[in-house]
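This briefing looks at how a protein chain meets a DNA strand and at how two of its domains meet each other. Please keep the sequence and the model in view while reading the points below.

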Amino acid sequence: MTTDASTGNIPISVFDLRHTFESAQPLTFHADYNPGSNSILYTMGRTIVSVGQSGGNEKGTLTVMSKELGIAMRDAVKRFRLGDDMKRIYRIINTDRFTDEAIRRYYGMRLTVNDPWETTLCFIISQFNNVKRIRKIVRALKERYGQPIKDNTGRTIAHSFPESKDLLGASVKDLMGCGTGFRARYVKHAAEYCTYNLDIYKLNPTDYDKLTEALMEINGVGEKVADCIALMGYGNTEAFPIDVWVKRTMERVYFKGRKKTPKQLRRFADERYGKYKGYFQQYLFWGGRQMDEEVGAYA
DNA sequence: ACCCAGGCGGGCG
DNA sequence: CGCCCGCATGGG
């Protein structure tokens with residue numbers, strides 16, 4: 001962190017920075033986590049922000065450090081959903097042994113609300129891919145197409161997340177050079193479409209149907225990716241992204257291993273959790289993935 | 001070698 | 001609507 005950054009504190013309750021960071025959300029794909037200080041370093045536009053947790057998960061403190069402290073503080077409140085009453089959300093989604101155990105293990109794990117364009121790009125990259133490689137690709141895109149961020153001595157210490165216009169000059173071949181693979185043409189289209197045709201920042205976060213419909217006009221954004229963007233880019237917890245882990249875990253835990261269609265799984269979640277199903281999904285996804293071999297014990 | 005990964009677009013019936 | 005296929009790449 002540069003020396004002229006200032007620091008602010010925010011009280012937190014039922015919050016775990018490590019679980020939040022590790023649970024494969026957009027921050028995970030480009031930020032750095034320092035386990036020694038339980039803090040993460042990420043870019044917010046061209047500003048570097050450090051957020052650290054101290055004092056425990058039940059009651060603790062979030063320390064924000066940035067040159068643009070006011071903006072970074074407001075951003076952190078939104079990004080980490082500090083207004084959410086987690087005890088109330090837990091009461092709503094904790095309807096069975098599996099979710100109870102996932103909440104116990106990942107107590108304080110929050111959904112995050114990230115920049116809509118960053119979230120779109122991250123989840124286009126995510127399709128038919130794994131977390132480790134998503135992270136690698138996103139970092140390559142930042143380094144090649146993001147703006148260099150310099151410290152006081154003029155040394156480049158980070159790169160901003162590339163805006164859509166920053167990617168306009170990149171050919172499909174260039175993008176494949178960053179490891180995007182067959183998704184390169186999706187990235188190219190998304191960059192063009194979101195620069196010239198769609199102002200992604202003007203979409204209404206609370207209108208789930210219109211929001212996802214608009215997002216799916218982008219090549220490479222289907223139902224699942226649109227749900228991820230709605231949830232983690234716009235904070236719409238009605239969204240219920242169904243990936244291989246959510247599907248697998250739900251079939252095991254709630255349907256005796258029988259195959260179910262996404263439509264059936266979505267209805268199940270909607271009936272039980274309504275507008276909180278996005279939060280249920282995050283515990284289902286991360287719990288199911290981490291607890292893989294043990295999932296059967298909670299069926 | 002083989003299988004899988006926070007799926008999607010396109011073609012077909 | 002549903003089903004099936006190909007798709008780039010790297011790690012287990």
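In this predicted model, the helices α11 (223–232), α12 (244–254) and α14 (277–290) each supply at least two residues of the surface near DNA strand B. Chain A itself is divided into domain 1 (6–83), domain 2 (86–105 + 236–299) and domain 3 (116–233), and the points below take the DNA surface before turning to the interface of domain 1 with domain 3.

**Surroundings of DNA strand B**

- DNA strand B is surrounded by 28 residues, and the closest of these are N129, V131, R248, Q281 and R289.
- Of the atoms of DNA strand B that come within 4 Å of the protein, 64% belong to sugar and phosphate.
- By class, the residues of the surface near DNA strand B comprise 13 nonpolar, 10 polar and 5 charged.

**Individual polar contacts with the strand**

- R289 places an N or O atom of its side chain 2.6 Å from a phosphate oxygen of DNA strand B.
- For E223, the atom concerned is a polar backbone atom, which lies 3.5 Å from a phosphate oxygen of DNA strand B.
- A24 also uses a polar backbone atom, but its partner is a base oxygen of DNA strand B, at 2.8 Å.

**Extent of the interface between domain 1 and domain 3**

- The centres of domain 1 and domain 3, taken over C-alpha atoms, are separated by 22 Å, and 15 residues of domain 1 are in contact with 19 residues of domain 3.
- Between them, domain 1 and domain 3 bury about 1500 Å², with 60% of that area on carbon and sulfur atoms.
- On the side of domain 1, the residues that lose the most area to domain 3 are F29, H30 and R46, which together make up 44% of what that side buries.

**Polar pairs and composition of the interface**

- The count between domain 1 and domain 3 is 1 salt bridge, while 4 residue pairs, both residues at pLDDT 80 or more, are in polar contact across these two domains.
- The side of domain 1 that touches domain 3 draws at least two residues from each of α2 (26–30) and β4 (47–54), and α2 gives the most, with 4 residues.
- In terms of residue class, that side of domain 1 holds 6 nonpolar, 6 polar and 3 charged residues.
- In a salt bridge, the side chains of D32 and R139 meet at 2.4 Å, taken from N to O.

Terms used:
Residues numbered from 1 in each chain as written. Chains lettered and ligands numbered in written order. Predicted model: local features only at pLDDT ≥ 70, side-chain atom pairs only at ≥ 80, totals over all residues. Heavy atoms only, no water. Domains from an automatic or database assignment. Contact = heavy atoms within 4.5 Å. Buried area = accessible area lost by both parts, 1.4 Å probe. Salt bridge = Lys/Arg side-chain N within 4 Å of Asp/Glu carboxyl O. Polar contact = N/O pair within 3.5 Å; in protein donor to acceptor, adjacent residues only side chain to side chain. Nonpolar A, V, L, I, M, F, W, Y, C, P; charged D, E, K, R; others polar. Near = heavy atom within 4 Å.
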